[in-house]
Amino acid sequence: MNNAPNIILVGPMGAGKTTIGRLLSQSLGREFFDSDRVIEENAGADIPWIFDKEGEDGFRRRETQALHDLTQEYGSAIVMATGGGAVMRDENRDILRKGGLVVYLYASVAQQLSRTSKSNHRPLLQNGNPKQVLTNLFKLRDPLYRDVAGLIVETDSRNPKVVANKVLDAIKRHLHKESAC
């Protein structure tokens, strides 16, 4: 799997992108990056503060820059977890497609709700009805995740190590198919 491109994880909040990404990076012996953490480090502030001061558009501009930098700076030797809304901008989707093999970690709304219910670090869930917010985001973003993804792996009710192994198997099959063409 040394010839594998960057592995880029997309999906909704609560899909397990960061957890799965760390496990994949360990298995592949690659550096792991969480684009949200990179944005926070570059800004010197956390995401809720960025949303509060710059709005979602300001955050998305920072996200585009981080995605570009991460996919260009390290060649093809990283595993990256993206924020749930990274697919919202056309430019980001182009960066992701060109930046490596995109894996959509699919999680149902019920699973997302279960996994995010105790988090206060998710600005989009701080107001209103979290289930309705997640449902609306899913309807909007699921087609975009599918559009950008080379692989789709379901994460519902699965242990992170099991999901990471499913992703590794899917990547191996994908690379084998590509090399056979």
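**Exercises on a five-stranded sheet and its helices**

Threonine 71 is buried, with a relative accessible area of 7% (buried is under 20%, exposed over 50% and partly exposed in between, using a 1.4 Å probe and protein chains only). Everything here comes from a predicted model, in which local features need pLDDT of at least 70, side-chain atom pairs count only at pLDDT 80 or more, and totals for chains, interfaces and linings use all residues. Residues are numbered from 1 along each chain as its sequence is written, and side-chain values use heavy atoms, leaving out hydrogens and water.

**Exercise 1.** Work out the strand order of the open sheet, and find which strands stand at the edges.

*Solution.* Start with the order: the five strands run S2-S3-S1-S4-S5, with parallel pairing (strands are DSSP runs of E, at least two residues, and helices are runs of H or I, at least four, numbered from the N terminus; two strands pair if DSSP finds at least two bridges between them). Next, the ends of that list: S2 (31–34) and S5 (151–154) each have a single partner strand, so one side of each is left without a neighbour in the sheet. Now the twist: neighbouring strands are turned by 20° against each other on average, direction ignored (axes are lines fitted to C-alpha atoms, for helices over the stretch in contact, and angles run from 0 to 180 degrees between N-to-C directions). Last, add the helix: H1 (residues 17–28) packs on the sheet and touches S1 (7–10), S2, S3 (78–81) and S4, where contact means heavy atoms within 4.5 Å. The direction of H1 makes about 165° with that of S1.

**Exercise 2.** Look at S4: how do its residues point, and are they buried or exposed?

*Solution.* First, the neighbours: S4 (residues 101–106) is joined to S5 by four bridges and runs parallel to it, and four bridges also join S1 to S4, again in parallel. Then pick out the register. Leucine 9 stands opposite valine 103 in S4, leucine 105 has valine 153 of S5 as its bridge partner, and tyrosine 106 has glutamate 154. Now the sides: Leu101, Val103 and Leu105 point one way, Val102, Tyr104 and Tyr106 the other, and all are buried. With six of its six residues buried, S4 is therefore largely enclosed by the rest of the structure.

**Exercise 3.** Describe the surroundings of threonine 71, starting from its helix.

*Solution.* Threonine 71 sits in H3. That helix (residues 47–73) lies across S1, S2 and S3, at about 165° to S3. Check the polar atoms next: the side chain of threonine 71 reaches the backbone oxygen of leucine 67 at 2.9 Å, and the backbone oxygen of histidine 68 lies 3.2 Å from a polar atom of that side chain. Then the contacts: setting aside residues up to four places away in sequence, threonine 71 touches Asn6, Ile8, Met80, Ile95 and Gly99.

**Exercise 4.** Which side chain of opposite charge is nearest to lysine 17, and how far away is it?

*Solution.* Lysine 17 lies in H1. The nearest candidate is aspartate 36, 6.9 Å away, and buried lysine 17 has no salt bridge (that needs a side-chain nitrogen of Lys or Arg within 4 Å of a carboxyl oxygen of Asp or Glu). What the lysine 17 side chain does reach is the backbone oxygen of glycine 11, at 2.9 Å. Beyond four places in sequence, lysine 17 touches residues including Leu9, Pro12, Ala81 and Leu105.

Terms used: A polar contact is a pair of N or O atoms within 3.5 Å; within protein, one must be able to donate a hydrogen and the other to accept it, and residues adjacent in sequence count only if both atoms are side-chain atoms. Lys and Arg count as positive and Asp and Glu as negative; His and the chain ends are not counted.
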